[in-house]
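Here are some notes to read beside the model. Keep the sequence and the 3D view open as you go.

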Amino acid sequence: MSEGKKFDTGKAPIVSGCLHYFPKALLAVAAVSDYGAKKYDVSFEDKNWSRLHNAEKRYGDGLGRHVALEGLELWDTGNFDPTGAKGSDLLHAAHAAWNALAKLELLLDRGVSLQRPDDSDDIDDSGIPF
């Protein structure tokens, strides 16, 4: 009997290249998802977050807000609270990551390419847009 075949060469290594790379971070993001589902009284299957008006912009703003809150607490008040105790008691970094993932998912859902175009005239040889 011959060995089984699976044509997975070149496919994204979801477990070894994501889940095993960032297990604690992804558990923290899942906690943010759980918090949001309870806060808005929705099920995970509902994917309520994906149907917001102007969602990509709003999740970009949410990401920025949580990054700014970390900085504000650290540099402005001197009372850095990485858990954001005035809100969910979860890390601002986890909220920022959740917002980044939500925005990325929406971009990919609407067909935005994961790769930048090779023939772009507005990106120099370093890959930095100008």
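The points below go from the whole chain to two of its residues.

1. Start with the status of the model. It is predicted. Read each value below as computed from that predicted model.

2. Next, the overall build. The chain holds 4 helices and 0 strands. Read from the N terminus, the order of elements is α-α-α-α.

3. Now the surface. The chain has 130 residues, and 15% of them count as buried. About 10300 Å² of the chain is exposed. Carbon and sulfur atoms supply 58% of that area.

4. Look at contacts along the sequence. Take those in the chain with a separation of 6 or more. Of these, 49% join residues 24 or more positions apart.

5. Find His95. It sits in helix 4, which covers residues 92-109. Is His95 buried or exposed? His95 counts as buried because its relative accessibility is 11%, and the cut-off for buried is under 20%.

6. Stay with His95 and check its partners. Set aside neighbours within four places in sequence. His95 then touches Val32, Tyr35, His66, Ser88 and Leu90. With one of them, Ser88, there is also a polar contact, side chain to side chain, at 2.6 Å.

7. Move to Ala31, in helix 2 (residues 23-39). Its relative accessible area is 30%, so Ala31 is partly exposed. That label covers values between 20% and 50%.

8. Last, link Ala31 to Ser88. The two are 57 residues apart along the chain. Their C-alpha atoms are 9.9 Å apart. Ser88 is also the residue that makes the polar contact with His95 in point 6.

Note on methods. Residues are numbered from 1 along each chain as its sequence is written. This is a predicted model: local features need pLDDT of at least 70, side-chain atom pairs count only at pLDDT 80 or more; totals for chains, interfaces and linings use all residues. Side-chain values use heavy atoms; hydrogens and water are left out. Helices (H or I, at least four residues) and strands (E, at least two) are DSSP runs, numbered from the N terminus. Buried means under 20% relative accessible area, exposed over 50%, partly exposed in between (1.4 Å probe, protein chains only). A polar contact is a pair of N or O atoms within 3.5 Å; within protein, one must be able to donate a hydrogen and the other to accept it, and residues adjacent in sequence count only if both atoms are side-chain atoms. Contact means heavy atoms within 4.5 Å. Accessible areas come from the Shrake-Rupley method with a 1.4 Å probe; for residues, only the protein chains shown count as cover.
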